[in-house]
Amino acid sequence: QVQLLESGGGSVQAGGSLRLSCAVSGYTYSRYCMGWFRQAPGKEREGVATIDNSASTTYVSSVKGRFTISKDNAENTLYLRMSSLNSEDTAMYYCAATNRDWRLRSCSRDPIQYNYWGQGTQVTVSS
């Protein structure tokens, strides 16, 4: 049974930093895409960053240079380091996983492509 459990969310002032963690268990596929997604009230879920089993990453343009996705394979934990946070980053953040589709040049950031999801962790940025 695949389980993803996020942690590390919280409230932070604009300009601050947070690191989100996602503990992954039960996921045995060697070729994968994993990612961080977010959903703000009244908005659609958005792909923020992805990483595949070769450590290739993608980012949505609004977070490039501010967020860093990484994975500790020994700990089977996915991370999202967020810095220079602003109010537009306020959202529920989810981690997700799916099998890597090698027909694509990189991992998709479309949430519909992901099969396994965590419950989410809230990030609130105050100005």
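Mentor: A strand is a DSSP run of E that is at least two residues long, and strands are numbered from the N terminus. The model above is predicted.

Trainee: In which strand is the place of Leu20?

Mentor: Leu20 has a relative accessibility of 0% and counts as buried. For its place along the chain, look for the run of E that holds it. That run is strand S3.

Trainee: Which residue in S3 is the bridge partner of Glu6?

Mentor: S1 and S3 pair in the antiparallel sense, over five bridges. Glu6 belongs to strand S1, residues 3-7. Its bridge partner in S3 is Cys22.

Trainee: Which side chains along strand S1 point to one face and are buried?

Mentor: In a regular strand the side chains alternate between the two faces of the sheet. Strand S1 follows this: Gln3, Leu5 and Ser7 point to one side and are not buried. The buried side chains, on the other face, are those of Leu4 and Glu6.

Trainee: How far apart are the C-alpha atoms of Leu20 and Tyr94?

Mentor: Along the chain, Leu20 and Tyr94 are 74 residues apart. In space, their C-alpha atoms are separated by 9.6 Å.

Trainee: Which residues have the most contacts inside the largest nonpolar core?

Mentor: The largest nonpolar core has 29 residues. Strands S3, S4, S5, S7, S8, S9 and S11 each give two or more residues to it. One of the residues with the most contacts touches Leu18, Trp36, Val48, Phe67 and Ile69, among others, and that residue is Leu80. The full answer is Leu80, Met82 and Tyr93.

Trainee: Which residues does the second, separate core include?

Mentor: A nonpolar core is made of buried residues joined through side-chain atoms within 4.5 Å. The second core is separate and has five residues. It includes Cys33, Phe37, Ala96 and Cys107.

Trainee: What kind of aromatic pair do Tyr27 and Tyr116 form?

Mentor: A search of the whole structure finds seven aromatic pairs. For Tyr27 and Tyr116, the centres are 5.7 Å apart and the planes are at 80°. Planes over 60 degrees apart count as edge-to-face, so this pair is edge-to-face.

Trainee: How many residues apart in sequence are the parts that this pair ties together?

Mentor: Tyr27 lies in the loop between S3 and S4, whereas Tyr116 lies in strand S10. Tyr27 is buried at 9% relative accessible area, and Tyr116 is partly exposed at 27%. The pair ties together parts whose separation in residues is 89.

Trainee: What is the angle between the ring planes of Phe37 and Tyr114?

Mentor: This pair links distant parts of the chain, with Phe37 in strand S4 and Tyr114 in the loop between S9 and S10. Both Phe37 and Tyr114 are buried. The ring centres are 4.9 Å apart and the pair is edge-to-face, as the planes are at 70°.

Trainee: Over which rings does Arg45 lie?

Mentor: One ring has its centre 3.8 Å from the charged end of Arg45, and it belongs to Tyr94. For the other ring, the distance to the centre is 4.8 Å. The two rings are those of Tyr94 and Trp117.

Trainee: Which residue's backbone nitrogen does the side chain of Thr121 reach?

Mentor: Thr121 is in strand S11 and is buried, with a relative accessible area of 10%. Its contacts include Glu6, Leu20, Ala91 and Tyr93. The side chain of Thr121 reaches, at 3.1 Å, the backbone nitrogen of Gly9.

Trainee: What phi does Ala55 have?

Mentor: Most residues other than glycine have a negative phi. Ala55 lies in the loop between S5 and strand S6 and is exposed at 51% relative accessibility. Ala55 is not a glycine, yet its phi is positive, at about 70°.

Trainee: And what phi does Ser84 have?

Mentor: Ser84 is in the loop between S8 and S9. At 42% relative accessibility, Ser84 is partly exposed. Ser84 is not a glycine either, and its phi is positive, at about 50°.

Notes
Residues are numbered from 1 along each chain as its sequence is written. Side-chain values use heavy atoms; hydrogens and water are left out. Buried means under 20% relative accessible area, exposed over 50%, partly exposed in between (1.4 Å probe, protein chains only). Helices (H or I, at least four residues) and strands (E, at least two) are DSSP runs, numbered from the N terminus. Contact means heavy atoms within 4.5 Å. Rings of Phe, Tyr and Trp (its six-membered ring) pair if their centres lie within 6.5 Å; planes under 30 degrees apart count as stacked, over 60 as edge-to-face and the rest as tilted. A charge sits over a ring if NZ of Lys or CZ of Arg is within 6 Å of the ring centre and within 35 degrees of the ring normal. A polar contact is a pair of N or O atoms within 3.5 Å; within protein, one must be able to donate a hydrogen and the other to accept it, and residues adjacent in sequence count only if both atoms are side-chain atoms. Two strands pair if DSSP finds at least two bridges between them. Lists of a residue's contacts leave out its neighbours within four places in sequence.
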